[in-house]
Each structure stands twice: as structure tokens, then as C-alpha cells.
Amino acid sequence: MATVNVYLTFDGQCEAAFLFYQSVFGGEFNYMGKFNEMPPMGDDCQPLSEEDGNRVMHVTLPISKETCLMGSDIVATWTTDFQMGNNYSVSINTESKEEANRLFEGLSAGGQIKMPLEDTFWGAYFGMFTDKFGIHWMVNFDEVPQNQ
């Protein structure tokens, strides 16, 4: 397994929170992307509001050699179960698709799959679920290793 990190989710405060975390931990963001940078998602998807488009889709802040703090904002029309207290996930970055499949299938058994493992527009093999104990997980494999 390559890395395990904490992934934080916010309701519009992600950028402010990560600027604060950066002021404490130091370092530079490996990436901060907004939802308005996503490619179109199909004819059946409603366009994002300007406010939602300006929310953070993903941000990564290395806080040590081994650990990154990662996060995003929600888009309210896509997420109905956001609550303070359930706004974190354990993020696993694997070394292969096979490892991603094995961990995803094992850990999601008896839980609820939020997004099945699939190839994404950002170049990763990615999926999300909540395990049978209520813990949120993200499993990711990058074909080309990135500084997460």
C-alpha cells in the first residue's frame, strides 16, 4: 500500500480551511482545483451554479514526508448526507489496480458504495464507500504516480 491519508470535506469552507492549515503546517499545495474546471458530465447533468463552480473539487497539502492532508467542498445538489462530524474519509492510494480492487471489495463488504471503482477524468482509478461501521473510505490508484 502506497499511502493512507485523511480526506476532509467542507460545505464551502475548504479553501479557507486549507489556507489556515497551510499557515500552520507550512508547505505548498500540490494541487487545488475547483469544480468549474471539470469537463462536462453529460446531457442529464444540471450545470453548476457559479457558487458551486467556485468550490474546491480537490486540494492536497503535504504535511510530512509520509502524509498529505486532502480535502474538498461538497456540491449540495450532489450530496444529501453531509453533516459536521461525518466530513472526513480515510483515503488509500494504492500501488496497483489489483490492490485497489482487493481493498475496495474487502472493506466495502456489508457497507454502502457511494461511487464504484472506475477510471476518472483526472487520470485515476477511484471509488468511494462507507463501510459497515459507518467509516467513509476513498480508494485511489494513479496510473502515473503523482505527488498526492
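1. A disulfide is counted here when a pair of cysteine sulfur atoms lies within 2.5 Å. The model is predicted. By that cut-off, the structure holds zero disulfides. C14 is in no disulfide, and its nearest cysteine sulfur, that of C68, is 14 Å away.

2. Why does C68 not bond to C14? The sulfur of C68 is 14 Å from the closest cysteine sulfur, in C14, and that is too far for a bond. In general terms, a disulfide is a covalent bond between the sulfur atoms of two cysteines.

3. Are these cysteines buried or exposed? C14 counts as buried because its relative accessibility is 0%. C68 also has a low enough value to be called buried, at 13% relative accessibility, since the cut-off for buried is under 20%.

4. Now the charged side chains. A search of the whole structure finds six salt bridges. Three of the pairs are taken up below, followed by a network.

5. K34 and E15 form one of these contacts. Their side chains meet in a salt bridge, with 2.9 Å from N to O. The pair links distant parts of the chain: K34 sits in strand β2 (residues 31-34), E15 in helix α1 (residues 14-25), and the two are 19 residues apart. K34 is buried, with a relative accessible area of 18%. E15 is partly exposed, at 32%.

6. E51 and R55 make another bridge. Here the N to O distance is 3.4 Å. What is the burial state of each partner? E51 counts as exposed, at 57% relative accessibility. R55 is buried, with a relative accessible area of 10%. This bridge therefore pairs an exposed residue with a buried one.

7. E143 and K97 form a salt bridge as well. The closest N and O atoms are 3.8 Å apart. E143 lies in the segment after β8 (136-142), while K97 is in helix α3 (residues 97-108), so the pair ties together parts that are 46 residues apart in sequence. Both partners are partly exposed: E143 has a relative accessible area of 48%, and K97 has 26%.

8. Which residues are joined into one network by salt bridges that share partners? They are D11, E51, D52 and R55. The E51 and R55 bridge described above involves two of these residues.

Conventions: Residues numbered from 1 in each chain as written. Predicted model: local features only at pLDDT ≥ 70, side-chain atom pairs only at ≥ 80, totals over all residues. Heavy atoms only, no water. Buried < 20%, exposed > 50% of the residue type's maximum accessible area, 1.4 Å probe, protein only. Salt bridge = Lys/Arg side-chain N within 4 Å of Asp/Glu carboxyl O. Helix = DSSP H or I, 4+ residues; strand = E, 2+ residues; numbered from the N terminus.
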